[in-house]
Structures are given as structure tokens and as C-alpha cells.
Amino acid sequence: MSNKILSDIKAKYDEVVNNSVERRITLCAGTGCVANGALEVRDALVKELEKAGQKAVIELDYEDNHDHGDEKLNYVSKSGCQGFCQMGPLVKIQPGNIIYTKVKVEDVREIVESTIVNDDVVERLVYENPATGKKSVTEEEIDFYNRQTRVVLENSTIEPDSIEEYISKGGYKGIENALEMTSMEVCEEVLASGMRGRGGGGFPTGLKWKFTLASQNDKKYVICNGDEGDPGAFMDRSVLEGNPHSVIEGMMIAAKAIEADEGYVYVRAEYPLAVKRMNRAVADAERIGLLGDDILGTGFSFKLHVMEGAGAFVCGEETALIASIEGKRGMPMPKPPFPAQSGLWGKPTVINNVETLASIPGILRDGAAKYKAIGTEKSPGTKTFALTGHVANTGLIEVPFGTTLREIVYEIGGGVTNNAGEITGEDFKSVQIGGPSGGCLTPEMLDMPLDFDSLQEVGAMVGSGGLVVMNNETCMIQVARFFMQFTQNESCGKCVPCREGTKQMLALLDDIIAGEATADTLELLEQTAHAVKAGSLCGLGKTAPNPVLSTLKYFKNEYDAHVFDKSCPANECKALAKPEIIADKCKGCTACKRVCPVNAIEGEVKVAHTIDAEKCIKCGACKEKCKFDAIVGV
Amino acid sequence: MQETNEKTAAMIEHLAAVNKILEKYNCDESKLIPILQEVQEEYKYLSKDVISYVATSLDIPPAKVYGVATFYAHFALEPKGKYVFKLCDGTACHVKKSHSILHALYDRLGLSDDKQTTDDLMFTVETVSCLGACGLAPVMLVNEDVYGQVKPEEAVAIIDDILAKAAAAE
């Protein structure tokens, strides 16, 4: 077994790091932190370090064999998304494991002077829990991190552009093991781990592979589905950006398991950074001989292509994705035949989601039993979620299956915020899980353990893992309408129930929001929803009514309020909102009165004003002027 | 005749970049999407001429190329502005009121859902489905630059800034 290639690289990496790196400074360089200037911060760090007489590099030189004596390096590396996007750009300094948040170029000099030169902590850049005011210097002390279990994201702080570092952390050990096994043994191992596909449906990955292995053919394909189109989900992007080699290794193991020799990584066009990092990772793996012919001298060959999508949500559906790779309109095909029998160019094909593939190397490296020990009996392992919306800590998290919503929202997320961004403790209304295919959960479900089956039971689904927290100021009909608008836009138009049904449902929701609905509207909405669910060809249409059905089920009172009382409890639907000036907040400054074009506002100076609902045309001019947030419902 | 020759010569020059792209992909029909992506990169949009030319070169009906070009959101059949504002309307951005930013931009530039590009081809404002930076919602892209936690007045300020710089350059 010629695993010497891998052990040599690991030895070289360790040698360079141990001999020459004194300090490692890691800049989070996911899309979020880059947007906030992480790369400028990195360049400033290098400059300031050099000014302070320190040596700094952004890439390690493995060919450098000179002895530098006592002169040691500051290795200023970047990492993929560390999850804490809202607090970015994040800077982590080792040794010491110090984390600085919201670092700007202007802060760099102080960091170098205090922390690097004098070993002091820059207090003002340390994370402070918005709910408790507790300050945390290291990652271990931050609740957002220490309540998580990171498996897929375990290497989220490594340099994504360094195959050497990935290998030094045990990377490509999984494929090395797999190459010593038979294809059937690899399938069995993954089946034994209980791994279920993270794309949404939760089908056992090992079983999918076994079916594809059983299809006899001289050519087979492995496809990585990185067409993460669900609004509100970005875990696949983070994995592709932060740890592309784990996806490549997962695909190699899948290829070994089904006897394929070619693969495609299909990445959404909206993720340019992920495409760039993936291309670099493929090139590096080819350079070392981990992709191509006769890999590690075992006779196993695997060729990998990266393809950029062109912006069609339906391409997340596997048959549509295949059509897209073939250069066609991305429209789904009826199943069967399943891709396992007839997929890309009519050949047996396995399609797995990014997170699924990134979980595979660990199973082959550490064994199925270790993986199965995490999570629940029927949903083993962990799940990454994109925690967003009205919550104090937004970002990317990873928890074992079976974690409750309460732990996620309150302990990791730090609590629900109102529209002004304050944590009040009583604003939680709902969590939307699983994007346009998922459903809304209610406060009563806060203590339900989250897994594939429990969510299915309440009419939601894990989906790709978007968790959007919503506060009391959010109208659930508007939420349902948002998703309906999305699926109606993205429906490919091939089958009638989805194409026409989503359109009709959207029109019915618009009637409700406009205050023009009757009891018949609600009945028709529900009937249409069931018809679309039953009659659509692919997963997009089959699950498109879920947001409507789940809000109808759990927030019926809000629908009733809109339809029968012509009022919107969250005061979000403009046509139904009752204009009102909150007396407690109004200071009587008369700004609103002066700007009102129809003279609907009355009141004396320094006395709370009132608004005449009959006269008001809801133009919103008064609300814009009001400095005290006293005006609602316009 | 002279005029026709000149027109042909201009067209050949105009399509030179397409030829290069077609060659790179060996005129392989299955590579239609990457071909169109690169062509759009070059010309900023897919004109009728270019669509017909690509179709003829790949030996497929123009309707098929047109079908693919209209199916995917990334392909533009009309020219876009020099500065393209892409406002994310994913769930997280939506619940954080991204539409108020959209309307502020529309108001500033006199645009609407039906007219998204200014007549001087300076600005295009459009919404896109999730950009995957939900932690920073609401998010906006101006060409390649990402802006997070944007407020309506900040978005408008970006336009004013661009216009001021353009005026100063003149």
C-alpha cells in the first residue's frame, strides 16, 4: 500500500509548522467575513506585523529547507466560514486561542501591539453575550460554540487552500481505508453508520450506493449536489468554501463504493467563492495524485469536474440537475428509472448532497460505530443548520440529531430579538425549517427533539437545514406567501399541478392579505394545496404547499383574523393594518401631523396625537418622520 | 455590396470572442451552459445574434439555445447596467425587510419591477434568491462586492457615491 505519499506530506507539514511557525493567526474568510473586509484585515495584519519586526506569511513554503534559527513565523492563514457570521470578521490567535470579533482594519495595529507583542487581550474586541453581558475571550467560552457538536465542521478553521493541512488532520485517510476494502464493504460500512442523506429526504446513503453498485455498467458517475437553492440555507456553501477536500474525499469514497471513475461537482452560480476554492482543491488533489489515474498506486481512477449552475432552484432535484449537466433545460424526469439505474448520459449515477459527502470520510476513517454513537437511533450523526432571522446570534451551527429547538434558539442562538434587535424574552413566534419545502414550528414544539422523523410527523422536514426564527411582529400569512411566491417563480412548468397550482395558491394568499378573502378562499386554498401535493411530478411541487399547509394548521387563528376580522395580528399586512399612534410613545412633536397629506392626524404640541383611520391613506409618510416609533399600521 | 462587406466584417469581429469560447469547448453541445456563461461574461448579455451563432456552431436549433437561455435566471437577454445591484430576497433577508431596500433603490433611480435598468445603462436593480450570506441579512451585491446588514439609506448612499465619482471623473 503506497500510503507513503500521504504520510510524507503529513510529515513535511508537521515539520514546517513545528520548526518555523510561532503563532497562527486565522482570519475567517467565508463569504460573510470577506464581505465585511476580512481580506483587508489580513493584509493589514501582515503589514503591521512586519512593521513590528515580526515575520509574517500567508502561505507556508514546504520547499523551504533552510534553518532560520530563532526567527519564527506568524502564519496568517484564512479559514472557511466559522459560522459566527454576524460577529465577523473573526480573528483567532493561537497560542492562547483568543477570538476577536468584528475586527476592522483600524483595529489591527492595537491587536499587534497588545496581543502579539505584549501578550495582552484587547478587551473591546472580545465577544460579549448580548443576553447576559458575559465576555468570552476564547472560543471554548462562547456559548454559541460550546453548545455545538462539530463533526462535518470539525476542520472549519483549517486553511481551505491547503491540501497539506487537510492531510495533516487525517484527511484522505478515509479513502485510503476504502481503497483497501471491496466496493460492497464500503457500502456496508456506510449503511452500518445509519447515515441518511442530508439533501432533505433522509434516504439512507449506504442503500443508495448499494443500488447503484448493483447496476451493471461499464461507466458510472458520482455527482455532488451543491445547488443549494433553499433561501435561508448556506451550510453547503460553507463546507465547499471551508473544507473542499472533505467533499472531494467523500466523492472518491462514493466512486469506490459504486465503481465509478468520473464525477461532477455542481455548484450554484451564486457561490463564486465556493467555485474558486473547489477548483483550487481539485487542482491540488490532481497535483499530488489523489485524483486521476491509478490513485495511490491502487489501480483506482477518478476524474473530477466542477460545473457552475446557472440559477434554477429546480436543479436541486436530482433528475433536473442531471439534465442541466447534460446542457439542457433543468427539468425533472419521472422516476423510475432512478439515477441509480439510469442517470447522467443514461449511466448509473449516485447523487449526494455536499454535507452527506463531507460526512463520509469520517465514517471510513473512524468507523461506522463511532458515527452511529452520535445523534438518535434513527437519525444518527449531526446536522448543520443555518440559524438566521430574529435571533441574537445568527450563523452556521452543527448539533447532533435529537437536539431540541429550545437549545438551538435560546442557548446557541442567544434568544429571540424584536424588530429593533433587542432581546425581550417573549417575542418567539415560530421557526421556519426546511425552506420552501418545509414548515413552520410553534412555541409548543420547542422541546421536541429534531430529527428526520419527528419533523415529518409535524408536517415539516429537515430539508437542507435552514432555520429561520421569527418574532411576534412577523405575519405568518406573509411568510407563507413569501415561499409560495418563491416556488411559483421557480416551478419549471413541466407539470400542470405545480405550474398552475402554485400560481392559484399565490393568488388566494394575495386575496387574504388584501382583505378580500372569504371562508371559501380558505377552503379552496387547502384543497388546491392538497391537489398540488398529490399531483406534482417532482419534489419541488410535492413539497411546495408545505409552508401553506403548516401555517394553516398551526396558525389558523391568524388566517381567520385576516379573513373574518379583516385584521392582521402582526400589523404587517398594509391593507388590513389599523393606523394608530401609540400614546405612550408619542411626544407630541407634531412632525407627523405636518407631513400628513390628507390631514388625518390631530393633536396639540406636547400632547399625544391621534390618527383618523377613515381619512388615512396609509402612505407611510408619518411613520417615516416619527423618531419615536409611535406610529403603527400605516 | 461595399456596405454588406463592411457589415459582415464587423460581425466577424464582433463574434471573434465567441469562436474562441466555442473552440475551447470543442463545439460540444453538452457544454452549452458553460459556453453561454462565458459568452455572457464577454458580452454582458446574450443577444439574438450571439444565440443564433452559437446554435449554428453547435448544430442545434436556435430555439434550443433560446430555451436554455430563458430557463436559467443567470442568463440575461437584455443589456444590463454598468452597476448591477442584486438584492437578496432569501427568507432571512425577507424577514429582515429587504423589500424596503428594494423600494428605496427603485425610488432613487425611477425603476420598478417592470423596468429594472436605467435608460443610461448605468444601473440595474434586481432581486435574487438567497446569496447564502444569511447571517448578514439583509444582503446586497453591487457587481461583485457584498454588502451585509444593509439599511435603505446606505443602499441609496452607494448610488449617490457612484454618481458623485462619475461626475468627478468627467
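Reader: Which side chains meet Lys64(B) and Glu29(B) in a salt bridge, and how should I read such a pair? Let me put it simply: what joins Lys64(B) and Glu29(B)?

Author: Happy to start there. Side chains of opposite charge can pair when their charged atoms come close. In this predicted model, the side chains of Lys64(B) and Glu29(B) form a salt bridge, with 2.9 Å from N to O. The two belong to distant parts of the chain, 35 residues apart: Lys64(B) is in helix α5 of chain B, and Glu29(B) is in the loop between α2 and α3 of chain B.

Reader: Are Lys64(B) and Glu29(B) buried or exposed?

Author: In between. Lys64(B) counts as partly exposed at 27% relative accessibility, and Glu29(B) is partly exposed as well, with 36%.

Reader: Which residue forms a salt bridge with Asp160(B)?

Author: Arg108(B) does, and the closest N and O atoms are 2.8 Å apart. Here the link runs from helix to helix: Asp160(B) sits in α8 of chain B and Arg108(B) in α7 of chain B, 52 residues apart. Asp160(B) is partly exposed, with a relative accessible area of 34%, and Arg108(B) counts as partly exposed at 35%.

Reader: How many salt bridges does a search of the whole structure find?

Author: The total is 46 over all chains. One of them joins Glu110(A) and Arg124(A), at 2.6 Å from N to O. Glu110(A) lies in helix α4 of chain A, whereas Arg124(A) lies in the loop between α4 and β6 of chain A, 14 residues apart. Salt bridges can also be linked in a network, as with Glu59(A), Glu164(A), Arg280(A), Asp284(A) and Arg287(A).

Reader: Now the interface, please. What is the area buried between chain A and chain B?

Author: The general idea first: the size of an interface is often given as the accessible area lost when the parts come together. For chain A and chain B the buried area is about 3,100 Å², and carbon and sulfur atoms give 60% of that. Ala310(A), Arg329(A) and Phe482(A) supply 19% of the area that chain A buries against chain B, more than any other three residues. The contact draws on 47 residues from chain A and 33 residues from chain B.

Reader: How many salt bridges does the rule find across the interface of chain A and chain B?

Author: One salt bridge. Glu572(A) forms it with Lys97(B), and their closest N and O atoms are 3.7 Å apart. Polar contacts are also present, with a count of 14 residue pairs between chain A and chain B.

Reader: Which elements give two or more residues to the side of chain A that touches chain B?

Author: They are α2, β10, α13, β12, β16 and α18 of chain A. Of these, α18(A) gives the most, with four residues. The residues on that side of chain A divide into 22 nonpolar, 15 polar and ten charged.

Reader: Let us finish with cysteines. How many disulfides are there over all chains?

Author: A disulfide is a covalent bond between the sulfur atoms of two cysteines. By the rule used here the count is zero over all chains.

Reader: Why does Cys592(A) have no bond to the closest cysteine sulfur?

Author: Its closest cysteine sulfur, in Cys586(A), is 5.9 Å from the sulfur of Cys592(A), so the gap is too far for a bond. Cys592(A) is buried, with a relative accessible area of 8%. For Cys596(A), the closest cysteine sulfur is in Cys619(A) at 6.3 Å, again too far for a bond. Cys596(A) counts as buried at 12% relative accessibility.

Notes: Residues are numbered from 1 along each chain as its sequence is written. Chains are lettered from A and ligands numbered from 1 in the order in which they are written. This is a predicted model: local features need pLDDT of at least 70, side-chain atom pairs count only at pLDDT 80 or more; totals for chains, interfaces and linings use all residues. Side-chain values use heavy atoms; hydrogens and water are left out. Contact means heavy atoms within 4.5 Å. Buried area is the accessible area (1.4 Å probe) that two parts lose on being put together, summed over both. A salt bridge is a side-chain nitrogen of Lys or Arg within 4 Å of a carboxyl oxygen of Asp or Glu. A polar contact is a pair of N or O atoms within 3.5 Å; within protein, one must be able to donate a hydrogen and the other to accept it, and residues adjacent in sequence count only if both atoms are side-chain atoms. Ala, Val, Leu, Ile, Met, Phe, Trp, Tyr, Cys and Pro count as nonpolar, Asp, Glu, Lys and Arg as charged, and the others, Gly among them, as polar. A disulfide is a pair of cysteine sulfur atoms within 2.5 Å. Buried means under 20% relative accessible area, exposed over 50%, partly exposed in between (1.4 Å probe, protein chains only).
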